[in-house]
Amino acid sequence: MSASIFSPQNDKIGSKSVKRIKKTLKLNHNLQLKEVENNRIKNEIQLNKLNIKYKNFILILSGIITTILIFLVFYLYNTSRFRSKINKILEKNNADLLEKNAEIKKALSVKNKFLDTITHELRTPLNTIKGITYLLKESDLKENEKEYVYNLEFSSNYLLGLINNIID
């Protein structure tokens, strides 16, 4: 009858086919592995490119921030020096003002003492003159003597008013 399916010749052909299929599958599998490896390498290259872009961006940004900080430090340093100079000037002016204030207080004290003395020295004799004028007015005087007393009273009142205005 005919040859069986399991004949040695069929086994040979089958085993060759199996070997070819295994070899093809192995090659196919290796090809897929290589494609996966290639895709992984492409992805790594893209990631490296992105990393380089980000690194450049970060470097530029850090350079800008550093420059801004340097300018701020320089500005603060100059501002501090300026404030220090202004404070020294203000302290000197304050000391001068305190000295002038002491001089003014001393001058005011001398002025007040002078005015008190002058007031006393001028008002005392004028009040005496006014008192005597009052006594003369109350006594019996001739007509021309009354006119003298009136003039004396008017003048003493005028002088006392003038002195009071000057002192006030």
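Tutor: A residue is called buried under 20% relative accessible area, exposed over 50% and partly exposed in between (1.4 Å probe, protein chains only). The model above is predicted, so local features need pLDDT of at least 70 and side-chain atom pairs count only at pLDDT 80 or more, while totals for chains, interfaces and linings use all residues. Residues are numbered from 1 along each chain as its sequence is written, and side-chain values use heavy atoms, with hydrogens and water left out.

Student: Is Glu37 buried, exposed or partly exposed?

Tutor: The relative accessibility of Glu37 is 34%. That value falls between the limits of under 20% for buried and over 50% for exposed. Glu37 therefore counts as partly exposed.

Student: How many salt bridges does the count come to?

Tutor: A salt bridge needs a side-chain nitrogen of Lys or Arg within 4 Å of a carboxyl oxygen of Asp or Glu. By this rule, the number of salt bridges comes to four.

Student: With which residue does Glu37 form a salt bridge?

Tutor: Helices here are DSSP runs (H or I, at least four residues), numbered from the N terminus, as are strands (E, at least two). Within helix α1 (residues 8–138), Glu37 and its partner are three residues apart, so about one helical turn separates them. The closest N and O atoms of the pair are 2.3 Å apart, and the partner of Glu37 is Arg40.

Student: The side chains of Arg40 and Glu44 also meet in a salt bridge; what is its N to O distance?

Tutor: Arg40 and Glu44 are four residues apart in helix α1, which means that about one helical turn separates them. Arg40 is partly exposed at 37% relative accessibility, and Glu44 is partly exposed at 38%. The N to O distance of their salt bridge is 2.2 Å.

Student: Which residue forms a salt bridge with Asp96?

Tutor: Asp96 is partly exposed, at 33% relative accessible area, whereas its partner counts as exposed at 53%. The two lie four residues apart in helix α1, about one turn of the helix. Their closest N and O atoms are 3.5 Å apart, and the partner is Lys92.

Student: Which residues do salt bridges that share partners join into one network?

Tutor: Arg40 has a salt bridge with Glu37 and another with Glu44. Shared partners of this kind make one network of Glu37, Arg40 and Glu44.

Student: Which residues form a positive surface patch?

Tutor: A patch takes residues with over 30% relative accessible area and no salt bridge, joining like charges within 9 Å and nonpolar side chains (Val, Leu, Ile, Met, Phe, Trp, Tyr) within 5 Å. Lys and Arg count as positive, Asp and Glu as negative, and His and the chain ends are not counted; the place of a charge is NZ of Lys, CZ of Arg, CG of Asp or CD of Glu. One member, in helix α1, is Lys19, which is exposed at 59%. The positive patch is formed by Lys12, Lys16, Lys19 and Arg20.

Student: About what area does the nonpolar surface patch have?

Tutor: Accessible areas come from the Shrake-Rupley method with a 1.4 Å probe, and for residues only the protein chains shown count as cover. The members of the patch include Leu47, Tyr54, Phe57, Ile58 and Leu72. Ile58 lies in helix α1 and is exposed, at 52% relative accessible area. The area of the nonpolar patch is about 1,200 Å².

Student: Which residues does Ile163 touch, not counting residues up to four places away in sequence?

Tutor: Contact means heavy atoms within 4.5 Å. Ile163 is found in helix α2 and is buried, at 10% relative accessible area. Residues up to four places away in sequence being left out, Ile163 touches Leu122 and Leu126.

Student: Is Thr119 buried or exposed?

Tutor: Thr119 lies in helix α1. Apart from neighbours within four places in sequence, Thr119 is in contact with Thr124 and Ile167. Its relative accessible area is 11%. Since the limit for the term is under 20%, Thr119 is buried.

Student: What distance separates the C-alpha atoms of Glu147 and Lys42?

Tutor: Glu147 belongs to helix α2 (residues 143–167) and is exposed, at 51% relative accessible area. Along the chain, Glu147 and Lys42 are 105 residues apart. Their C-alpha atoms are separated by 134 Å.
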